[in-house]
Every structure is written in C-alpha cells, then in structure tokens.
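Trainee: I would like to go through this model with you. Can we take the terms one by one?

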Amino acid sequence: MKITLRKLSTKDLATLAQRTINTSDSGDYPVIDGHPLLAELKLMYADYDAVYTKMTFSGKGNDVANSDNERDLAFTTLKAFLNSYRKMVTLPGYQSAEHLYQIFKQFGLNLDRLSYSSQTAQMKKLIEELEKSENSQKLKDLKLTIAFDEMKDKQTAFEAIFAEQAGANGDLRNQKSASVIRKDLEKTLKSFFGLLTAMKDVTDWKLFYNDINELVKAAKQSNQPPTVNKGITIPE
C-alpha cells in the first residue's frame, strides 16, 4: 500500500480520507472498531474538512477597495469645487471657499493617495475641523452641506467595512493554517496505512487491508494525467 499523499490534490486527499473513515466505520471490520488511530484520523479529517475549501483571506478586499474609491471621489469632488470657486473672485463667498480650501490643504490635498489607515486618520481630523460651527456655516452658505455629508457618510462606511475585514482576517490568522492541517492529516493517514500494511497477513485484517488498498489505488489513479488517445490515421 504505497502512495505519496503530498502529490494528491486537496480534493483527492479529502476524498481518500473520507472513504477510508467510511469503510472503517462500516461495521464489517471489527478489528478497527474503537482503535485510537482511527479516532485520531477522524479528528484530523474533521479539521481538514473545515478549512480546506476556505479562502485564505476574508474575501472583503474588493469591498474595502470600492468603499475607499467612493470616499476618495467624495473628497476630491469637494476639494476640486472649493479650489475652483476660490479663484472666482467676482463671486460672492469666494473668501469662504478660500478658507475651506486651506483647511483641506492643512490636512493634505493628496490624502486620498495615502494608505488606508493614514487616510482614515487624516479624514477624521478634516471632518472634525469642517464640523466646527464657523466652517459649517461656510459650507451651508456655499450650498455644500449635502456634499460634505456625503463625504462623511463615505468615510463612516469605509471605517465599518475596513474594521469588518480586519476582524475577519484576524479570525483567519488565529486558525491553524491549512498547510499545517494537511500535513497532520497526511501523517495520520500514513500511520493508518502503515498499520494495515503491517497487519495485512493476519487473518482478521486481510479483507480490511484489501478494501482500503483499493481506495488507495483509486486515489493514485485520480492523480495520473489523462491518457491521450492519439488515434490512427488511415490513408485513403
């Protein structure tokens, strides 16, 4: 009973382990009933089955990126409006636009290019400053309250999804890695097959060994590249 378990695909390894456990639990082989190595195999397979199909990361990366793009757009749109308005000295309120633009400049005109965490920190400070009564009135006078509220909402939404991603990734990091779990399963399966091989000539173990050996052969076969039928060309 020879097989290189590390060469099996993730799915084929799971299939072999599951079939081995099912056959052992069929009730047809009393010699393995209650055996501690079978109990260990079940535990290793349960861990493997729980994680082998899961994604390595939380899968929320796209959501975070999209949310960041939305807050960037809200930020740059408001900034661009103020930058244009402050230059139109013939328009009423251009001084207010100039004042508000200088606040944007204070916290970084290119803060949308910063890392997620750095941008979040600066955006929070910018929003706090713009929420002060004097600056809030200037936004109202320039009819920019809605645009400012949208920027705040986008910032709040980003913080929420970013925190959710951080929590999900933290949970994944706390899990035993899939590669370690696979190695544990391979080690236990190897020991299990070794036990059967050592006992294969003992009367009560022969049939059990033969049936499990068929499962191993099937697993080895599934790992073989498909046979290409080249066919025969018959001349006309």
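Trainee: How much space lies in the second largest pocket?

Mentor: About 190 Å³. A volume here is the space filled by probe spheres set on grid points, which are joined across faces, edges and corners. Keep in mind that this is a predicted model: local features need pLDDT of at least 70, side-chain atom pairs count only at pLDDT 80 or more, and totals for chains, interfaces and linings use all residues. Residues are numbered from 1 along each chain as its sequence is written, and side-chain values use heavy atoms, with hydrogens and water left out.

Trainee: What makes a space a pocket, and which residues line this one?

Mentor: On a 1 Å grid over the protein atoms alone, a pocket is an open set of points with protein on both sides within 12 Å along at least five of seven lines; a cavity is a set where a 1.4 Å probe fits but cannot get out. Lining residues have an atom within 4 Å of a point. Here they are M1, K2, I3, T4, L5, R6, E186, K187, K190, F193, G194 and T197.

Trainee: How does that lining divide by class?

Mentor: Four nonpolar, three polar and five charged. Ala, Val, Leu, Ile, Met, Phe, Trp, Tyr, Cys and Pro count as nonpolar; Asp, Glu, Lys and Arg as charged; the others, Gly among them, as polar.

Trainee: Now the helices. Why are α4 and α6 called oblique?

Mentor: Helix α4 (residues 94-107) and helix α6 (residues 133-141) pack at about 125°, with axes 10 Å apart. That angle makes α4 oblique to α6. The cut-offs: under 35 degrees is roughly parallel, over 145 roughly antiparallel, 65 to 115 roughly perpendicular, and the rest oblique. Axes are lines fitted to C-alpha atoms, for helices over the stretch in contact, and angles run from 0 to 180 degrees between N-to-C directions. Helices are DSSP runs (H or I, at least four residues), numbered from the N terminus.

Trainee: Which residues meet there?

Mentor: S96, H99, L100 and I103 in α4 meet E134, N135, K138 and L139 in α6. Contact means heavy atoms within 4.5 Å. By class, this contact has three nonpolar, three polar and two charged residues.

Trainee: What angle do α3 and α4 make, and why is that oblique?

Mentor: The angle is about 135°, with the axes 8 Å apart. α3 and α4 are therefore oblique to each other. F75, L78, K79, L82, N83 and Y85 of α3 make the contact with Y94, A97, L100, Y101 and F104 of α4. The contact of α3 with α4 has nine nonpolar, one polar and one charged residues.

Key: Helices (H or I, at least four residues) and strands (E, at least two) are DSSP runs, numbered from the N terminus.
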